[in-house]
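This briefing asks how the chains of one model are related to each other, and how a pair of helices within one chain is packed.

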Number of protein chains: 2
Amino acid sequence: MGKASLDCEHTLSLAIREATGQGCPPLLAKALDYAVFPGGARVRPRLCLAVALANGNSEPRLASAAATAIELLHCASLVHDDLPCFDDAIERRGKPSLHAAFGQRIAVLSGDALIVAAFQQLAQLGSSVTHPVRMAQVTAIVAAGVGGPMGICAGQAWECEPRVDLEHYHQAKTGALFVAATCAGAAAAGVPVEPWRELGNSIGEAYQVADDIQDAIADTATIGKPTGIDVALDRPSAVRELGLQGAVKRLERCIEKGLDSIPACKGRALLHDVVQQQSNRFFPQGIKHTAA
Amino acid sequence: MGKASLDCEHTLSLAIREATGQGCPPLLAKALDYAVFPGGARVRPRLCLAVALANGNSEPRLASAAATAIELLHCASLVHDDLPCFDDAIERRGKPSLHAAFGQRIAVLSGDALIVAAFQQLAQLGSSVTHPVRMAQVTAIVAAGVGGPMGICAGQAWECEPRVDLEHYHQAKTGALFVAATCAGAAAAGVPVEPWRELGNSIGEAYQVADDIQDAIADTATIGKPTGIDVALDRPSAVRELGLQGAVKRLERCIEKGLDSIPACKGRALLHDVVQQQSNRFFPQGIKHTAA
């Protein structure tokens with residue numbers, strides 16, 4: 001996981017170097033770098049690479065490109081979600097949000113350019129992968145995690161509806177990109193994709209619940225972004241629905257469900273440990289929980 | 001060209017049906033359809049298909065997916081360019097702009113979802129294409145036309161700079177997607193791409209100059225979007241630089257340069273006629289010009 005994480009920073013930095021190469025307007029170039037570095041926990045690309053590794057990782061450049069693409073898409077979604085017309089967040093990862101630092105126009109364009117850069121990472125593998133058909137499959141999986149009808153764009157769009165379908169909302173807004181991470185990792189390694197859906201789904205739900213808990217109890221200084229947003233924007237949240245202890249219980253159950261769902265594979269034991277370790281970091285400091 | 005155009009409407013409608021399928025939030029679904037239909041002249045996808053046809057079109061599904069992707073990306077750029085933080089345009093294609101009809105949030109998300117849908121069109125061909133490596137090449141060409149450092153996002157980002165590099169600005173803002181159209185058409189047909197760059201470049205420049213002329217002389221009712229924007233936003237424009245007659249001359253020269261650049265290929269004569277016919281429609285009614 002240490003190695004996987006290092007790879008991820010390296011490939012992300014190559015991707016941004018390409019997207020901001022010769023001819024790029026200087027402000028856009030600065031903003032693209034700002035949107036991706038320094039990063040958060042890189043949970044999704046780590047999960048993608050961990051699944052590929054657990055399955056033998058027979059096409060490592062493809063797994064790496066998929067992980068990079070998924071993180072770029074996540075960064076794009078943060079930039080657009082922070083915009084004044086959505087969360088109007090002035091802080092992200094402990095620094096001014098992108099539109100606060102560069103203006104709304106550059107923020108809109110940075111999100112767009114990051115989405116394109118994500119697909120470029122996959123496409124440019126070109127003839128260097130042994131299995132070009134896998135590349136198409138991975139790209140389709142990643143796209144499904146982001147676009148309509150049920151990717152993260154659709155998830156965000158549920159916030160614009162007078163009535164929210166809660167299940168679709170959560171699954172699309174957060175779950176879809178986690179599902180893309182596990183399924184793309186499996187597809188890159190050439191194993192059947194469907195058995196890996198539940199791991200992404202459960203860890204995605206756990207992540208969403210953890211985010212709801214943090215929004216309810218943490219302060220801005222601790223997590224580097226504004227808190228109390230769910231109540232302020234009257235958004236559905238596990239804490240509002242179940243109370244704090246109820247939400248913590250749901251978080252525990254989601255992680256357990258995810259761990260149990262890991263299909264039989266060569267590296268199952270290691271993957272189980274890695275997911276468990278990562279997921280334990282979802283619990284905010286000071287929250288009592290049964291170690292999963 | 002009639003056939004190509006029909007194909008293009010059909011594949012666009014399939015793409016939107018997929019992106020707005022089961023589970024899609026209703027407003028987003030309506031907005032995605034609204035952004036693409038009814039369309040404009042579909043100049044870019046027609047050009048892409050015409051180049052593929054002139055070169056034998058040996059992978060027709062790929063050429064068709066490329067054309068569809070390019071038009072979806074063009075529609076995405078219109079939605080985002082119309083936003084209040086950019087052109088603040090309340091009209092587009094003779095009806096309210098997307099954000100005027102659906103709000104800014106749905107407009108941002110629709111642009112994002114259309115970008116993703118574009119790449120999904122290419123990826124989902126998967127194993128159904130005979131040459132999967134060509135698919136990767138086409139995808140990379142399309143991505144380069146849209147993202148950083150020199151795609152249309154970068155072109156739009158030049159508007160945020162205190163000093164504009166005019167050449168980069170025009171080439172990226174308009175030219176890049178036309179270059180993507182001709183080069184993707186060539187790549188889909190399996191012929192070398194570079195000789196086709198100049199056709200895209202010249203027709204893209206012609207299109208930009210024609211747009212500048214329309215912005216300067218037409219009224220909103222005729223072209224279905226606000227006019228006089230270049231002066232109002234103090235934007236560079238061929239008419240401001242060269243005067244009206246000078247701009248018309250440049251438009252003629254660009255088209256001529258494009259036509260002359262068409263490489264030797266089986267369908268060169270027909271392609272020449274098609275491009276000439278299409279380009280003549282760039283001249284606003286009542287403008288005298290030497291028929292190219």
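The points below take up the symmetry, the interface and one helix pair in turn.

The model is predicted. In it, a turn of 180° with a shift of 0.0 Å along the axis lays chain B on chain A with an RMSD of 0.0 Å, and that is the relation of a two-fold axis.

**Symmetry**
- Within chain B, the C-alpha nearest the axis belongs to B:Pro132, at 3.0 Å from it.
- The copies meet through the same surface, because 100% of the interface residues of chain B are also interface residues in chain A.

**Interface between the chains**
- On the side of chain B, 56 residues are in contact with 56 residues of chain A.
- The elements of chain B that give two or more residues to this side are helix H2 (26–36), helix H6 (104–123), helix H7 (132–146) and helix H8 (152–157), and the largest share, 14 residues, comes from H6(B).
- By class, the side of chain B that touches chain A is made up of 34 nonpolar, 19 polar and three charged residues.

**Helices H3 and H4 of chain A**
- The axes of helix H3 (residues 43–54) and helix H4 (residues 60–81) of chain A come within 8 Å and cross at roughly 160°, which makes H3(A) roughly antiparallel to H4(A).
- The crossing in which H3(A) passes H4(A) is right-handed.
- From H3(A), the residues A:Arg44, A:Pro45, A:Cys48, A:Leu49 and A:Ala52 meet residues of H4(A) that include A:Ala63, A:Ile70, A:Glu71 and A:His74.
- The residues of this contact between H3(A) and H4(A) divide into eight nonpolar, two polar and two charged.

Note on methods:
Residues numbered from 1 in each chain as written. Chains lettered and ligands numbered in written order. Predicted model: local features only at pLDDT ≥ 70, side-chain atom pairs only at ≥ 80, totals over all residues. Least-squares fit on C-alpha atoms with pLDDT ≥ 70 in both. Contact = placed C-beta atoms within 7 Å. Helix = DSSP H or I, 4+ residues; strand = E, 2+ residues; numbered from the N terminus. Nonpolar A, V, L, I, M, F, W, Y, C, P; charged D, E, K, R; others polar. Axes fitted to C-alpha atoms, helices over the stretch in contact; angles between N-to-C directions. Parallel < 35°, antiparallel > 145°, perpendicular 65-115°, else oblique. Left-handed = near helix turned anticlockwise from the far one by under 90°.
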